[in-house]
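Let's take a walk through this protein together, one region at a time. Please have a look at the sequence and the fold below before reading on.

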Amino acid sequence: MDQRDISLGIDELRQVWENYGHDLVLHDPGGSSECLVRGGELITPIGDLDPVLDRCRSWIDHVHRDEGLLMARIRLRESERGNCVDLARETGARLNHVHLGSPVMFGTPVMFGTGAEADPTPPMPEPPDARWDPPVVIGVLDTGCDPHPWFRGRAWFEPVPEVLDADDDSGQDRQAGHGTFVNGVLLQRAPGAVIRTRRALSSLGFTDDFTVAAELRALRRSAALAGENIDVLVLTSGCLTPDDECPPVLAAELERWPDTVVVAAAGNHGSGRPFWPAALPEVLAVAATGSDGQVAEFSAAGDWVDVAAPGVDVRSSYVRLAPGGDRRFGYARWSGTSFAAPRIAAAVATSLQADRDPDEARDCVRHCYTFER
């Protein structure tokens, strides 16, 4: 299997390799099934594990069973990590696709994007400190949410600190602050909502099928323990797959959210290829538009995309690494479909707060944020 160098700078490439386990493999580089996978892993339902192990036991280094997800993660021997796609086909196991936060920018066609780094911007007015009754709860999977002044005084706020410098090289990682930014977009547009954040993305903007599914489950369970219902779910990362089908572990987990309006970034790959889980029929897939109202060049815009919202030069709350390792809270300007997605999620939340049911809220948002294809 071919593996293409990911065209980041030398320092950034080192960060990716050190923080993501040396397991990034680009399948079918330049081809119609190009996608990024974790070369060191396969995943399979626990019920199918024994037949898979019978076929590939000699290639396995370790097996981890997740009884909550009813999935097993198979760690391959180092010598076999470049052959993961072939091994998945031979054994009936599934690939563990790598998900990217939508502002990540690579040189490969499939991962083309914009706004790789946030730009500082002048101070912004704080959204009003409101609280809707009955509450509308928005769940977010991202890099976390720091105690920015916009959030720290709100009764519902539970900080999920950002990892700003994962390799301790005194430089902020390129996607650190992403979750704080996304939460700020939500707060500006739905100031009365309750926001619950889980860390699923690394500060370099990476995650994978298994991690996303596990964090979805954790968010659902924590809400149930708190007596809350997640009314709107925001997913700001996603993946491409060799067969352009949704990874089964994601589809299965999202089936457990029937009463939640799921909103997901459509991706920054600038093509019509399905980006998962945004392309699932039950998910609102969000493209990004520019100041002219047209879909941005970097944004995905296939038939599976439902709506579009402003995603270029969006302004929101942000956290930066200050000299000495302290945190400096401020504001930034950033571009990507992951900043259009919370705009739509906030519109859904506002519609729910106006006593619309989830189906009515979806229809209302589709009507208001339609776009020319």
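## The largest pocket

Please keep in mind that this is a predicted model. A good place to begin is the largest pocket, to whose lining strand 8 (194–199) and helix 6 (209–225) each supply at least two residues. The largest share of that lining, five residues, comes from strand 8.

How much volume does the largest pocket have? The value is about 280 Å³. Its lining is made up of 19 residues, and the closest to the centre are Glu 158, Val 160, Arg 196, Thr 197 and Arg 198. Sorted by class, the lining of the largest pocket holds ten nonpolar, six charged and three polar residues.

## The six-stranded sheet

Strand 8 turns up again in an open sheet of six strands, where the order is 8-7-10-12-13-14 and the pairing is parallel. Strand 8 and strand 14 (307–310) are the edge strands, each pairing on one side only. On average, neighbouring strands in this sheet are turned by 25 degrees against each other, with direction ignored.

For a look inside the sheet, try strand 10 (residues 232–235) and strand 12 (residues 261–265), a parallel pair with four bridges. Here Val 234 has Val 263 in strand 12 as its bridge partner. Two helices are worth tracing here. Helix 5 packs on the sheet and touches strand 7 (137–142), strand 8 and strand 10, with its direction at about 155 degrees to that of strand 7. Helix 8 (residues 337–353) lies across strand 7, strand 10, strand 12, strand 13 (283–289) and strand 14, and runs at about 125 degrees to strand 13.

## The three-stranded sheet

There is also an open sheet of three strands, in the order 6-16-15 and with antiparallel pairing. Why is one side of strand 6 (119–120) and of strand 15 (314–321) left without a neighbour in the sheet? Both stand at the edges and have a single partner strand each, so there is no neighbour on the other side. Strand 6 is joined to strand 16 (residues 327–334) by two bridges, and these strands run antiparallel. Pro 120 has Ala 332 in strand 16 as its bridge partner.

Helix 5 (residues 178–189) packs on this sheet as well, touching strand 15 and strand 16, and its direction makes about 145 degrees with that of strand 15. Strand 16 is also the place of Arg 328. Apart from neighbours within four places in sequence, Arg 328 is in contact with Tyr 318, Val 319, Arg 320, Ala 322 and Pro 323. By contrast, the C-alpha atoms of Arg 328 and Arg 131 are separated by 27 Å, with their positions 197 residues apart along the chain.

## Aromatic pairs

The model has seven aromatic pairs. One of them, Phe 181 with Trp 334, has ring centres 5.4 Å apart and planes at 85 degrees, so the pair is edge-to-face. This pair links distant parts of the chain, as Phe 181 is in helix 5 and Trp 334 is in strand 16, 153 residues apart.

## A hairpin

Our last stop is the pairing of strand 3 (residues 60–66) with strand 4 (residues 71–76), which is antiparallel and spans six bridges. Opposite Arg 65 stands Ala 72 in strand 4. The hairpin of strand 3 and strand 4 has four residues between the strands, and Leu 70 takes a positive phi near 60 degrees.

Key: Residues numbered from 1 in each chain as written. Predicted model: local features only at pLDDT ≥ 70, side-chain atom pairs only at ≥ 80, totals over all residues. Heavy atoms only, no water. 1 Å grid on protein atoms, 1.4 Å probe; cavity = no way out; pocket = protein on both sides within 12 Å on 5 of 7 lines; lining within 4 Å. Points joined across faces, edges and corners; volume = space filled by probe spheres on them. Nonpolar A, V, L, I, M, F, W, Y, C, P; charged D, E, K, R; others polar. Pairing = 2+ DSSP bridges. Contact = heavy atoms within 4.5 Å. Axes fitted to C-alpha atoms, helices over the stretch in contact; angles between N-to-C directions. Phe/Tyr/Trp six-rings, centres within 6.5 Å; stacked < 30°, edge-to-face > 60°.
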